[in-house]
Amino acid sequence: MAVSWRGLDVNGLADVAADLSPAADDAEAVPGAVPGAVPGAVPGAVPGAVPGAVQRVEAGVAIVPERPEALPLAGALAVRSAAGRGWGWPAAARARSAEDGRRVPVTALLAALAGGRPEIVTGAGPQRVDGLLGAHLRALAGPGRREAVAAIPDEAAFDEDRRQRLIDAGRTAGLRLDLLWRPVAALFAWGEAADAATLQALHGRPAVTVHLLPDGIHAAALTLLAEEARGRTLVAPERQRPGAVCRDRPPSELADGIARRLAGDDPALLWQCRGGGDLAWRPLLGRAGEPALVHTADGHWRRLRAPALGRDDAEAILRAVDRAVDAALAAHGPARGAAGLVVVEGPMVDAALDGMTLGQAAADRARRRAGPDAAVVVLNPVRGAALGAALYAHRLAAGLPTYWDHLPQLEINAIAQGRPAFVPLVPKAARVQGGEAFEHRIEEEYIVAAGSQKLSLYLAKQDETFLRESELDLPQYSPRDEKVSVIVRQTPAQGHAEVEIWPHRRGAFGQMQLLLDWEAMRQTEKSREDVVNSMVGNLSFPDIAPQRAHWVLWDLQDTTALIDEFLRLMVLVDPPAPPYLNVVKRLVSIFRGKHSPSYLTGGMLPDRDRYSLVSSDGTLPDHIGSEQGGKAAARLAQDKFSAMIERAAADLAYLAAHPQRRKEPYKTVLRQLFLLTTWTYAAAPEPTIAYIRRLLEEKELLTSSYHVQAIGRTLTSHDDLKAYFGYAARRLTTTVGTYHWVKGVALALRFREDAPLARNCSPPTPPDRGGERPA
């Protein structure tokens, strides 16, 4: 059986399903593909994706069955059905037919989905939105299809809850539905025919997409990126913020006005124009001249034609285009007039308007605001968003680049070193490729207090004023404090994030997995301040735990003997001698290590938590060895540790100022000394802190993971953390070293009690020193 990928455009007016099949030269790259299954290729098309059949369903509807046990009727069968059209006879039956409401427009289902309503009321009683919408999705995808990609609106209101409900609707019909932002789908469809020179010329420039949809005019601004893959140049747009939508006199309201003008005071005819059929929508779909069969109040059958789109109605849409584009550009951040491309799409682009189409008029209005030199493209509604969704499915299957997305920040309430706070589950500006799951695992940072029977959880999402609340009942309570890991996974444009809580001690809360139930979370009117002020009482909260030190790591690892060997070398020779470098590397290895007492003692000590030689506060254990004499051993270890830090700091300062420091072997020695002193956490000496400040002030980019993460675990002062977070905020907008910056920021937030305060400050602008960056 040949492989193909199906994309869906579910807008309620001109729903489209587009197929792509593998080209002969790409078939082997896709598991199960049949080479040459679809002969020929479209000129300019993305290699490896040959457009196949396109199915278009006008004015999608779902038919509610008369018998509860029967399945809904949807797709082309529902469009052709006479049920619920308002064609009843005589007049009493006609009125009942209008009120019956067995025929449910997909636009009404989408409105219910966007409004968060699980049911829609019809004359046949309340109906589940997911069941009716699932039947429509199944009909659109095809009876044998198990997977499809649906293009969805990109607006803040269409949040994880709505997206999850759409995914669940597909699941009810046996369809695994992946979601793709509509602006990205539009750019994929445009990029299908764009050549490499065009893509490279537009690389890095903003693109504005405009979507003429029934509920309003949507717009988004993305950054165009051209990426090379297998000798091809592909568009891989970057999305940073949700798009904008203008609902001032939306098209649905305009269609209602057209229906009322056509129907007069006949309720059955009114239903036929706007619910039982698509007559009121035809002027907006470019089909004003097509007649529709109606049954009038006087009992006659007539062929009724809708008028052409009025100038006032068209101008209302174009004003909405202006507002939506302005809002999208403001959210994206580029200066007005900087866009290199404007793409307009949607089911209404073909509406006739003064010798041109509504799509062309909207493109002209958008270009005036987005950029006078921007290229303008109006996509055919049959091969717009649906084709882009199918291309996305193909790219995922073939391992090709897709697009870049920035996930919204998620925070959860916790007790951070004894103080209430909100800590990040998904760091701000987390950048991930479309189709890939972002996973953030927070190790050894949370504690559930002994005897806790439930966790009170509040989730804060970026750009949302109020919080969501859930109380997670623990299957059983533990008589001791339990360290847990919190893991969050989220895929761009999909439904709810997955948040797991795993105890480090197996079976601490029973054998059940602790999984945050998003469906059980309720929206509150509480702010972060409200929750922080109320975090008292007998409920337990996750507690951020610092990195702790343990005496057994000093007692059983010959740490002091290795420090003595380092100190005996006395001075740094020039060039550095191999014995010096070897000892420093061994010190780095032993100070960065984290081990459990149980592991080091072969189970003689039961403690399985992982400790280090130095705590994140820069302190050593208060005793080493047995209680008797342990204090004296700890003082001796502290003296040797201080001497090691002083010597390493002096050597680091010398090398940092050395004119040959960027050459070997100086570069390696400087790196190892930097690591050694930063693995002492808050005890890092002043020369190391000064070196870090120089790194943060330089213009050139920090990309080395050992620099980035070391800085995060070392800095303690408010000003230093402020500079680090400001630098990190700028670096997280690029593609290089993102993981290391996220990890470094997480370490700073983990170890420093006041770090969130510094994070909330405006980042400073680094000075233009124009000098050489430290190694």
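## A polar contact on helix α18

In this predicted model, the side chains of K640 and D564 make a polar contact at 2.7 Å. K640 belongs to helix α18, residues 630-656. Beyond its sequence neighbours up to four places away, K640 touches T560, I563 and D564. D564 is thus both a polar partner and one of the listed contacts.

## Overall make-up

The protein chain has 775 residues, and 55% of them count as buried. Its secondary structure comes to 24 helices and 34 strands. Take the contacts between residues at least 6 apart in sequence: 71% of these join residues at least 24 apart.

## Two nonpolar cores

Nonpolar side chains tend to be buried together in soluble globular proteins. Here the largest nonpolar core holds 60 residues. L8, L133, L137, L166, L177 and W190 have the most contacts inside it. L177 is in contact with L8, L137 and L166, and also with A148, A150, I167 and Q494, leaving aside neighbours within four places in sequence. A second core, separate from this one, has 55 residues, among them Y580, A634, L695 and L715.

## Helices α10 and α11

Helix α10 covers residues 311-332, 22 residues in total. From first C-alpha to last it reaches 31 Å, close to the expected 32 Å. G333 follows α10, with a positive phi near 110 degrees.

Helix α11 covers residues 358-370. Its 13 residues should span 18 Å at 1.5 Å a residue, and its end C-alpha atoms are 18 Å apart, so the two values agree. The buried residues of α11 are L358, G359, A361, A362, A363, R365, A366 and A370. R365 is on that list beside several alanines. These buried residues pack against α10 and against five strands: β11 (206-213), β19 (341-345), β20 (352-353), β21 (356-357) and β22 (375-378).

## Strand β7 and its approach

G115 sits in the loop between α3 (106-114) and β7. G115 has a relative accessible area of 44%, so it counts as partly exposed. G115 and F158 are 43 residues apart in sequence, yet their C-alpha atoms are 9.0 Å apart in space.

In a regular strand, side chains alternate between the two faces of the sheet. Strand β7 (residues 119-122) has I120 and T122 on its covered face, with E119 and V121 on the uncovered one. β7 runs antiparallel to β8 (residues 125-128), and four bridges join the two. E119 has R128 in β8 as its bridge partner.

## Positive phi outside glycine

Most residues other than glycine have a negative phi. R249 has a positive phi, near 50 degrees. R249 lies in the loop between β16 (244-246) and α8 (251-263). With 37% relative accessibility, R249 counts as partly exposed.

Y681 also has a positive phi, near 55 degrees. Its loop runs between α19 (666-678) and α20 (686-697). Is Y681 buried or exposed? Y681 counts as buried, because its relative accessibility is 2%.

## Cysteines

A disulfide is a covalent bond between the sulfur atoms of two cysteines. How many disulfides does the count come to? The count is zero, with sulfur atoms required to lie within 2.5 Å. C246 is buried, because its relative accessibility is 5%. C273 is buried too, at 0% relative accessibility.

Methods
Residues numbered from 1 in each chain as written. Predicted model: local features only at pLDDT ≥ 70, side-chain atom pairs only at ≥ 80, totals over all residues. Heavy atoms only, no water. Buried < 20%, exposed > 50% of the residue type's maximum accessible area, 1.4 Å probe, protein only. Pairing = 2+ DSSP bridges. Polar contact = N/O pair within 3.5 Å; in protein donor to acceptor, adjacent residues only side chain to side chain. Contact = heavy atoms within 4.5 Å. Core = buried A, V, L, I, M, F, W, Y, C linked by side-chain atoms within 4.5 Å. Expected span 1.5 Å × (residues − 1).
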